[in-house]
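Got your viewer open? Here is a short walk through the model, one selection at a time.

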Amino acid sequence: EVSEFLKHKKDDVDDGSLTLVCLGDSFTMGTMSTNYVDAIAGAVTKKDQSLPRLNVVNAGQNGIGSWTMYHYHVNNAIACDPDFVNIFIGGNDIRGTLGWMASADLVFIWNEPGLPTLDSFLENFDGILTRLVNETKAQIGVLTLPPYGEQLDSDMNHFVRCMNEEMSKIVSKHERCTILPLNKAISTQIMSLPGERPPGPRVYHFPFFTLFRHLLGVPFDSMAFFFGMTFSFDNIHLTTSGCNILLDLITTWVVDCCTKRLGSSPMKTDHED
């Protein structure tokens, strides 16, 4: 999608439109999770019809970690000369804490130098923000990682919260960067649900999700219902309910940025030297 955008961008006359690049993994690519990226432009217009047209570029890639984003995918975002960049990364880095069986693909397919750790993730994450801040004029919105399943007191969710706290510290050190608190927003909704939350599916169920979705056409939301889940169907990827929360965070951030920086003036003036 990035190459398609750049191909048309060469021939386009500047019409005052804005560009949002969504950097991420399978959450963002939208084939292994409910697709929220395709809904962003319409949701922004619905919130404020006075804003310029928003071009949304999906730069998500299934299976990648922060190392691949830092060394490769961030270049795609920079090439788009964006007004906004949304970052949603870290879910596959978490797999590094589960050992080789859960994350060998990051080394053997994506050529990472070793299994990811919290320290390596934070180093890559800081590098991603540094490059975007230094090489673009974009406002950068970083989504915190959502809960891992709906049992918020689990050891894994404790780790996810710690990871999000460290990400927030790094974001606070960079100008034009904002945390979009997805974890808090979904956790608040989970806590309002009646009864104890189910453990959700096990790792050995994961191959069946691909089979059910892509060969049998079973909706992600139906899989979630089968396991008694509301916001995720596999403890990781989001259902429509989870993506609606995410979508509201992104669109509110975009509209707020435009309101603060633009008024009624095109944001592209920030790119003029």
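## Stop one: a strand in the middle of things

Select Phe88 and show its side chain: with a relative accessible area of 0%, Phe88 is buried. Keep in mind while you look around that this is a predicted model.

Now widen the selection to the whole of β3. Five of its five residues are buried, so β3 is largely enclosed by the rest of the structure. Which way do the side chains go? Phe84, Asn86 and Phe88 point one way from the strand, while Val85 and Ile87 point the other way. That fits a general pattern: in a regular strand, side chains alternate between the two faces of the sheet.

Next, bring in the neighbours of β3:

- Strand β1 (residues 18-24) pairs with β3 in the parallel sense, over five bridges.
- Strand β4 (residues 139-143) also runs parallel to β3, joined to it by four bridges.

Click on Ile87 to see both pairings from one residue. Leu23 stands opposite Ile87, and Ile87 in turn stands opposite Val142 in β4.

## Stop two: aromatic rings

Time to look for rings. How many aromatic pairs does the structure hold? There are six aromatic pairs, and we'll visit a couple of them.

Go back to Phe88 and add Phe27. Their ring centres are 4.5 Å apart and their planes sit at 25°, so this pair is stacked; the cut-off for stacking is under 30 degrees. Phe27 belongs to helix α2 (residues 26-29) and Phe88 to strand β3 (residues 84-88), so the pair ties together parts that are 61 residues apart in sequence. Is Phe27 buried or exposed? At 4% relative accessibility, Phe27 counts as buried.

Now select Trp67 and Tyr72 for a contrasting view. Here the ring centres are 6.1 Å apart and the planes are at 65°, so the pair is edge-to-face. Colour these two by accessibility if your viewer can do it: Trp67 is buried, with a relative accessible area of 17%, whereas Tyr72 is partly exposed at 49%.

## Stop three: Ser66 and its contacts

Step back along the chain to Ser66, which lies in helix α4 (residues 66-79). At 0% relative accessibility, Ser66 counts as buried. What does Ser66 touch, leaving aside residues up to four places away in sequence? Show Ile89, Asp93, Phe121, Asn124 and Ile128 to see those contacts.

## Stop four: a loop glycine

Jump to Gly99, in the loop between α5 (91-94) and α6 (100-108). Gly99 is partly exposed, with a relative accessible area of 23%. Try your distance tool from Gly99 to Pro116: C-alpha to C-alpha, they are 9.6 Å apart in space, and 17 residues apart in sequence.

## Last stop: a cavity

Finish with a hunt for empty space. The structure holds one cavity of 30 Å³ or more, and the volume of the largest cavity is about 40 Å³. To find the spot, select its lining:

- Pro146, Pro147, Gly149 and Glu150 are part of the lining.
- Ile186 and Ile190 are in it too.
- Phe231, Ser232 and Leu238 complete the list.

How do these lining residues divide by character? Six are nonpolar, two are polar and one is charged.

Notes:
Residues are numbered from 1 along each chain as its sequence is written. This is a predicted model: local features need pLDDT of at least 70, side-chain atom pairs count only at pLDDT 80 or more; totals for chains, interfaces and linings use all residues. Side-chain values use heavy atoms; hydrogens and water are left out. On a 1 Å grid over the protein atoms alone, a cavity is a set of points where a 1.4 Å probe fits but cannot get out, and a pocket is an open set with protein on both sides within 12 Å along at least five of seven lines; lining residues have an atom within 4 Å of a point. Grid points are joined across faces, edges and corners, and a volume is the space filled by probe spheres set on the points. Ala, Val, Leu, Ile, Met, Phe, Trp, Tyr, Cys and Pro count as nonpolar, Asp, Glu, Lys and Arg as charged, and the others, Gly among them, as polar. Rings of Phe, Tyr and Trp (its six-membered ring) pair if their centres lie within 6.5 Å; planes under 30 degrees apart count as stacked, over 60 as edge-to-face and the rest as tilted. Helices (H or I, at least four residues) and strands (E, at least two) are DSSP runs, numbered from the N terminus. Buried means under 20% relative accessible area, exposed over 50%, partly exposed in between (1.4 Å probe, protein chains only). Contact means heavy atoms within 4.5 Å. Two strands pair if DSSP finds at least two bridges between them.
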